[in-house]
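Hi,

Here is the structure I said I would pass on to you. Have a look at it first, and then read my notes below.

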Amino acid sequence: MGERVVLGLSGGVDSAVAALLLTKQGFAVHCVYLDNGVGDPAPAQETAAALGLPFQTADIRKALDAKVCRPFYESYLRGETPSPCALCNPTVKFPALLSIADELGATFVATGHYARSQHGRLLRGRSANDQSYLLARLTTAQLARILFPLGGYEKSEVRALAASAGLGVAQKPDSMEICFIPDDNYAAWLDAYGPTPPPGDFVDGEGRVLGRHQGVHHYTLGQGRGLGVSGPHKYYVEAIRPDTDQVVLGDGGGLFTQTVRCRDVNWLTPVPLAAPTAVAARFRHSKNETAVTLFPQEDGTLLAEAAEETPVRAPTPGQLAVFYDGDAVVCSGWIM
């Protein structure tokens, strides 16, 4: 029997093919379904059975609530837009898998993420499906024990592998929702979780009232849809003021900036940067990148400065900024 690896098996096609590839590489795969109280473990159990692999569930509800759900809720009350998956990976998902690995005497854990790890460094996956952005809060110690079998594959190739192996999840649709909000209605989830801000005013940059809104937690910086306000031009959310329950609307011109400051920087380089460094930046979970120069600050924050001709649009407090040197993640930080 080969070296044991604990695999997070979700019930989707990605983790199923990760299990298949690890088995072919000679690993003794132990499958774990992380139970958040919302999903159904049956598809994951069926996949494990089809591959002849041991399977167990692990209850992560308490940790998820304390480390992801409550911070998610509190972030919206502050007028921010949080990144729950980026928060969950280093604080709940991978710690849970690593804990089970320790119990079983396994060196490695694995998931079906599209990324690569090498000697504690996090690297991009193939461009079409790269998920390194969502993993950029992992520590170097965690990354040293993580395998990403799908790092060199595109999604179409993964589905083909699943089909050729006769796995029932080969054509299962991808889930695009937040795992603990299965209907994708985050505002309703926030209202059910606890007290939320009351309705307030849409205002322009001079404070003139343009209309009424449902509560600041319904909106995010840069949003241009679903505002229900008409005027001389299309409106975008340019600021959120939770202290006065106001949402500031404008023509979008006020959303651009040359500088973005980040807190709680997670360095994934052997030595944190001490001098200005040119990198590529993602300021949200998308393929859009901006060339910036990083300036480490004495207070531990990080300043990212873009060129005048390529400003950053709507860097949103609470979202994650991830910085790359080629394929390697240099660091990440929460946008202030």
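Let's start with Gln-25, which sits in the loop between H1 and strand E2 (28–35). With a relative accessibility of 51%, Gln-25 counts as exposed, because the cut-off for that is over 50%. If you want a sense of distance, try Cys-69: Gln-25 and Cys-69 are 44 residues apart in sequence, and their C-alpha atoms are 36 Å apart in space. Do keep in mind throughout that this is a predicted model.

Now for the helices. Two packed helices are described by the angle between their axes and the distance between the axes, and I have two such pairs for you.

One pair is helix H1 (residues 13–24) with helix H7 (residues 155–164), whose axes are 9 Å apart and meet at an angle of about 65°. H1 is therefore roughly perpendicular to H7, since angles of 65 to 115 degrees are put in that class. Their crossing is left-handed. Which residues of H1 and H7 meet there? From H1 you'll find Val-13, Asp-14, Val-17, Leu-20 and Leu-21, and from H7 there are Lys-155, Val-158, Arg-159, Leu-161 and Ala-162. Sorted by character, the residues in this contact of H1 with H7 are 7 nonpolar, no polar and 3 charged.

The other pair is helix H3 (residues 61–77) with helix H4 (residues 84–104), where the axes come within 10 Å and cross at roughly 155°. So H3 runs roughly antiparallel to H4, because that class takes in angles over 145 degrees. H3 passes H4 in a right-handed crossing. On the H3 side, the contact is made by Ala-63, Leu-64, Lys-67, Val-68, Pro-71 and Phe-72, while H4 brings in Pro-84, Leu-87, Cys-88, Thr-91 and Val-92. For H3 with H4, the split is 9 nonpolar, 1 polar and 1 charged.

Next, a couple of buried residues. Gln-142 is in helix H6 (residues 140–143). Its relative accessibility is 11%, so Gln-142 counts as buried, the limit being under 20%. The side chain of Gln-142 reaches the backbone nitrogen of Thr-139 at 3.0 Å. Setting aside residues up to four places away in sequence, Gln-142 touches Pro-90, Pro-95 and Leu-98.

Then there is Arg-124, in strand E6 (residues 121–124). Is Arg-124 buried or exposed? Arg-124 is buried, because its relative accessible area is 12%. If you leave out neighbours within four places in sequence, Arg-124 is in contact with Ala-115, Arg-116, Asp-130, Ser-132, Arg-282, Glu-289, Tyr-324, Gly-326 and Asp-327.

Last, two backbone oddities to click on. His-119 is found in the loop between strand E5 (115–118) and E6, and it has a positive phi of about 55° although it is not a glycine. His-119 has a relative accessible area of 81%, so it is exposed. Asp-184 is in the loop between H7 and helix H8 (186–193). Its phi is near 65°, again a positive value in a residue other than glycine. At a relative accessible area of 48%, Asp-184 is partly exposed.

Happy browsing!

Methods. Residues numbered from 1 in each chain as written. Predicted model: local features only at pLDDT ≥ 70, side-chain atom pairs only at ≥ 80, totals over all residues. Heavy atoms only, no water. Axes fitted to C-alpha atoms, helices over the stretch in contact; angles between N-to-C directions. Helix = DSSP H or I, 4+ residues; strand = E, 2+ residues; numbered from the N terminus. Parallel < 35°, antiparallel > 145°, perpendicular 65-115°, else oblique. Left-handed = near helix turned anticlockwise from the far one by under 90°. Contact = heavy atoms within 4.5 Å. Nonpolar A, V, L, I, M, F, W, Y, C, P; charged D, E, K, R; others polar. Buried < 20%, exposed > 50% of the residue type's maximum accessible area, 1.4 Å probe, protein only. Polar contact = N/O pair within 3.5 Å; in protein donor to acceptor, adjacent residues only side chain to side chain.
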